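Biologist: Got a minute to go through this model with me? I'd like to start with the contacts.

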Amino acid sequence: MRGNTIDKQILSIALALVALLTVPILINPEKGTAFLKTVLNTITINFGPLYLWACLGIFGFLLWIAFGKYGKVKLGSGKPEFSTFSWLALIFTAGIGSGIMYWGIIEWAYYYSSPPYGLDPLSVEAASFASTYGMFHWGFSAWAIYCVPSIPIAYAVYIKKHTSFRLSTACRGIIGDRADGIVGKIIDICFMFGLIGGIGTSLALGTPLLAEGIHHLFGVEKTLTLNLGIVVSLMVFFSICLYFGLKKGLKLLSDWNLYLYMAIAVFIFIFGPTAFIVASFSESVGVLFQNFFRMSLYTDPVGKSGFSESWTLFYWGWWFSYAPFTGMFAARISKGRTIKSLIIGQLVGGTLGCWLAFAIFGNTSMFFEITGLVPVLDILQNEGAPAAILASLNALPLGGIVLVLYLLVAAIFLATTVNSAAYTLSDVASQNLQAGEEPARWYRVFWGILLTSISIVLMYGDGLEALQTLSVITALPLVFIMLLMIASFVKWIRVDYDTIIQEQENAVTDCSHSEEEQVPVEKKRKRSDKAPILSKTRFEN
Ligand code: NM2
């Protein structure tokens, strides 16, 4: 019986927070949903600009680090464990779920019909910004949010020789040994809260898309029961995987899913409106660079269009909520890389992967609307986004097959993301695990069920809309924690820099140095930190 590995304190606080989000909706769906919306509004009104500044600031900080002298610092000795291509693929699949299959194809439609900057709906200018804004929300500065925790975490483990990949460990430069006490626990709980919110958002968007697909393919009525059926099926799937620890199988599934995603993109690029895709993408890159700062800090205080609240803040919240999770993972697989390559790899690799979706899927759908081939906007307005997504896919050559494969990719993306999140959560809410030891099987399954149950409760309470923006709420504490991590990292590296560079140079001239000698910046920690919580693949947490 491994009941003693459960961190009861963290578990009970996490459960209390989950209860806070779900119980009001269970008791009174209407008032409960209204309560969540009030919290959301309060956050967007009071902290909106903070989210915007934090994202832009983090992006600037990473560029400064990457291209400054600290970029040369190598995180851990030896060669990187993975080839650059697999490393980028791993980072991409860890951070991107079914969300891109949803927004990649339809985000433009919202901007085209309700554009920012007071532009006329459906105008040529609105079209330019429509195809650009998605690339902004899934672009460099968004990936900066993902990237930023990976640097202090990797630094804490590979340079400072801490053995835990937790967020609290990465804050040690500032909080010191309080990382082992209540402060550390609070940080880890915020991490869990964030991840729960991020996953909630992904499930709330992914489920209706899959429901629409099932309705379209098999004629099943789109009811709450269908949504619940999908979530429960996913839950059964995770539970089996989590219980039996089917990591290798899942890793394979995830790899093939990525290939399939790329194959669909290439197919559409070739057999879809190629010239329009290329032209619109090129225009968007130009519009993005021209307007980057305006987009980054757009708050519309006079016009009060609510554009930034509905979109940019929603996105930044979602990215922040996932960021510590993906940061831990990126840190785990980046041993032996320099800080610069870690930053550039994530910013460029991640961005290009996302832009592929927006350039190809999004522009194709936009082409169908503009040429009148598919009334995407009408469908969006009358039947909702999932129906508009499916109609766009259906209009392609071999549309039926593309549609089925597309839904398959979305389902697998969703399943693998929730599965690895459950692994991570069960690990963070454990204690005294030996190196390499995993949380108890039932505990992993418990987290899988808990994650999905939240979405079931909120869906049941008709809180799908609230669930879709849940991550804006759960991101708030993480914004502050990330700033703490940055401060901690800067404090460390300023002191260590000379020694590290010296060691790196010695290591080059004297290859006989042992690994231990190459990075002895800090004496080994005495306390028995936990084993690294993520290992080779995102499924081997
Ligand atoms: N982000 C990248 O469902 C998903 O794609 C998860 C979403 C944060 C917008 C990640």
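Biologist: Among contacts between residues at least 6 apart in sequence, what share joins residues at least 24 apart?
Modeller: In this predicted model, the share is 84%. Contact means heavy atoms within 4.5 Å.

Biologist: What are the ground rules for the values?
Modeller: Residues are numbered from 1 along each chain as its sequence is written, and side-chain values use heavy atoms, with hydrogens and water left out. As the model is predicted, local features need pLDDT of at least 70 and side-chain atom pairs count only at pLDDT 80 or more, while totals for chains, interfaces and linings use all residues.

Biologist: How many helices and strands are there?
Modeller: The chain has 21 helices and two strands. These are DSSP runs, numbered from the N terminus: helices are H or I with at least four residues, strands are E with at least two.

Biologist: And how compact is the chain?
Modeller: Its radius of gyration is 23 Å, close to the 24 Å from the globule rule for 541 residues, so the chain is as compact as a globular protein of that length. The radius is taken over C-alpha atoms, and the rule is 2.2 Å times the number of residues to the power 0.38. Along the principal axes, the C-alpha trace spans about 65 × 50 × 45 Å.

Biologist: What fraction of the residues is buried?
Modeller: 60% of the 541 residues. Buried means under 20% relative accessible area, exposed over 50%, and partly exposed in between (1.4 Å probe, protein chains only).

Biologist: What about the exposed area of the chain?
Modeller: About 20900 Å², with carbon and sulfur atoms supplying 65% of it. The method is Shrake-Rupley with a 1.4 Å probe; for residues, only the protein chains shown count as cover.

Biologist: Switching to charges. How many side chains of each sign?
Modeller: There are 36 positive and 34 negative ones, and the centres of the two sets lie 10 Å apart. Lys and Arg count as positive, Asp and Glu as negative; His and the chain ends are not counted. Each charge is placed at NZ of Lys, CZ of Arg, CG of Asp or CD of Glu.

Biologist: How many salt bridges?
Modeller: Seven. The criterion is a side-chain nitrogen of Lys or Arg within 4 Å of a carboxyl oxygen of Asp or Glu.

Biologist: Which residue pairs with Lys185?
Modeller: Asp7, at 3.5 Å from N to O. Lys185 sits in helix H9 (residues 182-218) and Asp7 in the segment before helix H1 (8-27), so the bridge ties together parts 178 residues apart in sequence. Asp7 is buried, at 4% relative accessibility.

Biologist: And what does Asp496 bind to?
Modeller: Asp496 forms a salt bridge with Lys160, with the closest N and O atoms 3.0 Å apart. Asp496 is in helix H20 (residues 470-509), Lys160 in the loop between helix H6 (140-159) and helix H7 (167-170), so this pair ties together parts 336 residues apart in sequence.

Biologist: Are those two buried or exposed?
Modeller: Asp496 is buried at 5% relative accessible area. Lys160 is buried too, at 4%.

Biologist: Where does Arg166 come in?
Modeller: Arg166 bridges to Asp188, with 3.4 Å between the closest N and O atoms. Asp188 is in helix H9 and Arg166 in the loop between H6 and H7, 22 residues apart. Both are buried.

Biologist: Which residues are linked in a network of salt bridges?
Modeller: Arg172, Asp177 and Asp180. Asp177 lies in the loop between helix H8 (172-175) and H9. Asp177 is exposed, at 54%.
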